[in-house]
Amino acid sequence: MNEAIRPGADNPQQAQNQAQEGPELSVIVPTFNERDNVMVLYRRLEATLANIAWEVVFVDDNSPDGTWDVVRTLSQRDSRVRCVRRIGRRGLSGACIEGILASSAPYVAVIDADLQHDETQLPKMLLLLASDQADLVVGSRYIEGYKSEGFNKQRAGASALATEFARKMLRVEIADPMSGFFMIRRDRFEELAPKLSVHGFKILLDVVASAHGSLRAVEIPYTFGARQHGESKLDSMVALDFLGLVLAKLSNDVVSLRFILFAMVGGIGLVVHLATLFIALQLFKAPFAEAQAAGAIVAMTSNFILNNFLTYRDQRLKGFALLRGLIAFYIVCSVGLLANVGVAFSVYDQEPIWWLAGMAGALMGVVWNYAMSGLFVWRKK
Ligand code: GDD
Ligand code: MN
């Protein structure tokens with residue numbers, strides 16, 4: 001490109017300044033409604049990372065409070081700051097992955113925006129990676145020296161239980177695989193990236209489980225502080241999400257997290273169906289055929305709502321699309337039922353074992369419903 005027509009490059013000196021070396025450390029900050037925390041975090045990063053070439057990428061899912069706008073303004077003043085504004089998408093893991101892949105430093109850190117993580121640990125974490133003592137450094141809340149201000153009793157208990165479960169099931173060695181605060185070598189992350197789920201909250205657990213013990217991990221304790229502004233976005237759906245991730249990793253990603261969530265919802269649907277059937281028969285004294293039909297309709301509707309809230313939370317249907325989606329879901333499930341019964345019959349024909357035939361039919365039904373829902377109900381825009 002001709003230097004003379006490059007904006008802001010009136011002389012070679014200035015042009016030189018424009019082509020600086022890349023950073024040593026990229027800090028990724030996922031945000032959703034964190035407007036009041038952005039400036040504080042930025043100042044703290046600036047203070048802590050004074051001797052390091054760093055950049056920060058905020059990945060904001062189009063926050064209604066305009067977090068992206070605050071970041072954008074900041075990035076106009078400081079080129080180390082960047083903003084990825086994602087529209088029509090939600091999800092913590094996906095935001096972190098996208099931010100890491102959009103950055104360039106050989107080492108990348110992920111830290112929450114809400115100041116609950118201790119950013120003063122970053123230089124220590126970087127040192128451990130840069131001196132090749134580790135591939136991954138985790139800010140841990142569970143090892144000696146760990147203190148927590150930001151955790152209530154109930155949540156601490158649930159979190160400890162989930163952690164134990166994940167560690168046992170997936171043979172994950174680190175103490176706090178649910179931490180949202182870590183630093184990793186870029187090359188190792190990029191190797192693993194294609195295996196990671198963009199769905200859910202547990203990106204670190206996903207990284208560690210997907211690496212199958214090949215990451216040298218070091219943990220450093222830190223104080224999990226109290227949130228300064230705004231509120232937590234983790235709702236009760238997180239528990240189901242987490243269970244799904246563990247199962248997906250257990251199957252070595254043969255089945256996707258989304259499929260597992262879909263199947264879990266299907267399982268809940270079965271309970272809903274039987275409960276409706278029972279109520280219709282016992283309370284309303286309905287004839288069996290009507291009661292069974294009512295059960296099916298109630299179960300399909302509740303499955304649709306649950307899938308819209310959990311399985312496809314990142315593509316949640318709203319307004320008119322919700323109604324259209326519900327009708328499409330009824331049609332998909334009705335055909336799925338035919339497929340279910342058809343397969344069960346033909347298996348039973350070959351081998352009259354009722355539970356084997358029943359299971360084959362149910363499996364066919366859920367695979368069909370899942371595949372067709374992805375095509376016709378929650379299709380990607
Ligand atoms: N881009 C984006 N999209 N960011 C999100 C989303 C989302 O859908 N949901 C949450 N975030 C951002 C928040 O703005 C915050 O910066 C960070 O992710 C963590 O979200 P919180 O809502 O503050 O989560 P938390 O404090 O309850 O949970 C933290 O601790 C957990 C361990 O107990 C997080 O660090 C979790 O990752 C961690 O597992
Ligand atoms: Mn938080």
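The following exercises, each with a worked solution, concern a predicted model.

**Exercise 1. The sheet**

Determine the order of the strands in the open sheet and identify its edge strands.

*Solution.*
Step 1. Seven strands make up the open sheet, and reading across gives β3-β2-β1-β4-β7-β5-β8.
Step 2. The pairing in this sheet is mixed.
Step 3. An edge strand pairs on one side only, and this applies to β3 (81-85) and β8 (217-221).
Step 4. On average, neighbouring strands are turned by 20° against each other, with direction ignored.

**Exercise 2. One strand pair**

Describe how strand β1 is joined to strand β4, and name the bridge partner of S26.

*Solution.*
Step 1. Strand β1 comprises residues 25-31 and strand β4 comprises residues 107-110.
Step 2. The two strands run parallel and are joined by four bridges.
Step 3. S26 has V108 of β4 as its bridge partner.

**Exercise 3. Helices on the sheet**

State which strands are crossed by helix α4 and by helix α5, and list the buried residues of α4.

*Solution.*
Step 1. Helix α4 (residues 92-102) lies across β1, β2 (54-60), β3 and β4, and its direction makes an angle of about 150° with β1.
Step 2. Helix α5 (residues 122-130) lies across β1, β4, β5 (136-140), β7 (182-185) and β8, at about 25° to β7.
Step 3. In α4, the buried residues are S93, G94, A95, C96, I97, G99 and I100.
Step 4. A helix repeats with 3.6 residues a turn, so residues three or four places apart point the same way.
Step 5. The cover over the buried residues of α4 includes the strands β1, β2 and β4, together with helices α7 (186-192) and α8 (203-211).

**Exercise 4. The manganese site**

Which residues coordinate the manganese ion, and are they buried or exposed?

*Solution.*
Step 1. The manganese ion (ligand 2) is coordinated by D114 through OD and by Q116 through OE1, at 1.9 to 2.0 Å.
Step 2. A residue counts as buried when its relative accessible area is under 20%.
Step 3. D114 has a value of 3% and is therefore buried. Q116, at 11%, is therefore buried too.

**Exercise 5. Positive phi angles**

Compare the settings of N62 and L115, two residues with positive phi.

*Solution.*
Step 1. N62 is not a glycine, yet its phi is positive, near 50°. For L115, likewise not a glycine, phi is near 70°.
Step 2. N62 sits in the loop between β2 and α3 (67-77), whereas L115 belongs to the loop between β4 and α5.
Step 3. N62 has 26% relative accessibility and is partly exposed, while L115 is buried, at 7%.

**Exercise 6. Cysteines**

How many disulfides does the model contain, and what is the situation of C83?

*Solution.*
Step 1. A disulfide requires two cysteine sulfur atoms within 2.5 Å.
Step 2. The count of disulfides is zero.
Step 3. For C83, the nearest cysteine sulfur belongs to C96 and is 15 Å away.
Step 4. C83 is buried, with a relative accessible area of 13%. C333 is also buried, at 11%.

**Exercise 7. An annotated domain**

Characterise the region covered by the domain annotation.

*Solution.*
Step 1. The unreviewed UniProt entry annotates residues 262-378 as "domain: GtrA/DPMS transmembrane".
Step 2. Over residues 262-378, the chain is 84% helix and 0% strand.
Step 3. The end C-alpha atoms of this stretch are 12 Å apart.

Definitions and conventions:
Residues are numbered from 1 along each chain as its sequence is written. Chains are lettered from A and ligands numbered from 1 in the order in which they are written. This is a predicted model: local features need pLDDT of at least 70, side-chain atom pairs count only at pLDDT 80 or more; totals for chains, interfaces and linings use all residues. Side-chain values use heavy atoms; hydrogens and water are left out. UniProt positions are given in the numbering used here, feature names are shortened, and annotations may be inferred rather than shown by experiment. Two strands pair if DSSP finds at least two bridges between them. Axes are lines fitted to C-alpha atoms, for helices over the stretch in contact, and angles run from 0 to 180 degrees between N-to-C directions. Contact means heavy atoms within 4.5 Å. Donors are N, O and S atoms within 2.8 Å of the metal (3.2 Å for Na, K and Ca); water is not among the atoms, so sites may look incomplete. Buried means under 20% relative accessible area, exposed over 50%, partly exposed in between (1.4 Å probe, protein chains only).
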